[in-house]
Amino acid sequence: MRALELMQRIETSLPGVFELRPVIHHDTRGFFIETYHKAKFADFGIADAFVQDNHSCSSMGTLRGLHYQLRHPQAKLCRVAEGEALDVAVDIRVGSPSFGKWTSVLLSANEQNQIYVPIGFAHGFLALTDTVQFLYKCSEFYDPADEHGIAWNDPDLKISWGVSGPIVSEKDAKYPTLAQALPEHLPGYAGK
């Protein structure tokens with residue numbers, strides 16, 4: 001069975017960032033979906049070798065992000081297993097035609113959709129329901145010494161989170177705006 005028969009790729013406003021919508025097989029027992037298949041996902045342009053899976057649980061109003069790693073950059077494949085989350089990707093590649101632009105996808109356990117966030121983008125999400133079980137694959141291992149971020153409320157980015165006072169970690173609250181970030185702390189754009 002071809003990948004297109006199992007999943008639909010929906011482009012976002014940022015090249016390289018896209019949503020994946022699976023075919024959900026329902027019956028009297030519940031449902032079944034294939035959430036990842038390396039060969040089939042390669043047909044969609046996801047050639048990354050994912051090396052780490054992460055799972056977070058967040059309460060409504062929790063905002064995590066905007067995160068990235070520089071020396072060990074990570075592509076991410078994200079979904080929710082419970083609840084809904086607004087997932088945001090920001091192009092932070094210096095020299096990119098879409099530098100400083102953002103896009104978002106509403107991830108839902110009901111829809112079982114996913115977002116692919118390539119290397120060179122900051123990533124974050126906002127929990128929109130009482131409980132959000134958020135799962136994501138990473139193409140590189142987490143390295144605390146390589147952790148970077150951009151302010152979730154950067155006034156130049158104008159991200160439409162839909163909330164003015166989210167629950168954020170102390171660390172996330174201290175990240176600089178994109179304009180304040182030193183160029184050597186941002187990824188470069190390879191071009192096409």
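**Cores, a pocket and two residues in a predicted model**

Asp146 is found in the loop between strand 12 and strand 13, where strands (E, at least two residues) and helices (H or I, at least four) are DSSP runs numbered from the N terminus. The model is a predicted one, in which local features need pLDDT of at least 70 and side-chain atom pairs count only at pLDDT 80 or more, whereas totals for chains, interfaces and linings use all residues. Residues are numbered from 1 along each chain as its sequence is written, and side-chain values use heavy atoms, with hydrogens and water left out.

With a relative accessible area of 0%, Asp146 is buried (under 20% relative accessible area, against over 50% for exposed and in between for partly exposed, with a 1.4 Å probe and protein chains only). Its side chain reaches the backbone nitrogen of Leu70 at 3.2 Å, and Asp146 touches (heavy atoms within 4.5 Å) Tyr68, Gln69, Leu70, Arg71 and His72, residues up to four places away in sequence not being counted.

Lys38, by contrast, is partly exposed, with a relative accessible area of 48%, and has its place in helix 2 (residues 38-42). Not counting residues up to four places away in sequence, Lys38 touches Ala47, Asp48 and Ala49, while its C-alpha atom is separated by 9.1 Å from that of Phe50, 12 residues apart along the chain.

The largest nonpolar core (a set of buried Ala, Val, Leu, Ile, Met, Phe, Trp, Tyr and Cys residues joined through side-chain atoms within 4.5 Å) has 17 residues, and those with the most contacts inside it are Leu66, Val90, Ile92, Ile150 and Trp161. Two or more residues of this core are given by each of strand 6 (63-69), strand 8 (84-91) and strand 11 (121-127). Trp161 touches Leu63, Leu66, Leu86, Val88, Gly124, Phe125, Leu126 and Trp152, again without counting residues up to four places away in sequence. A second, separate core of 16 residues includes Ala89, Val105, Ile115 and Val117.

The second largest pocket (an open set of points on a 1 Å grid over the protein atoms alone, where a 1.4 Å probe fits, with protein on both sides within 12 Å along at least five of seven lines; lining residues have an atom within 4 Å of a point) holds about 390 Å³ of space. Of its 24 lining residues, His67, Lys76, Tyr136, Tyr142 and Glu147 are the closest to its centre. The largest share of this lining, five residues, comes from strand 6.

Conventions
Points joined across faces, edges and corners; volume = space filled by probe spheres on them. Polar contact = N/O pair within 3.5 Å; in protein donor to acceptor, adjacent residues only side chain to side chain.
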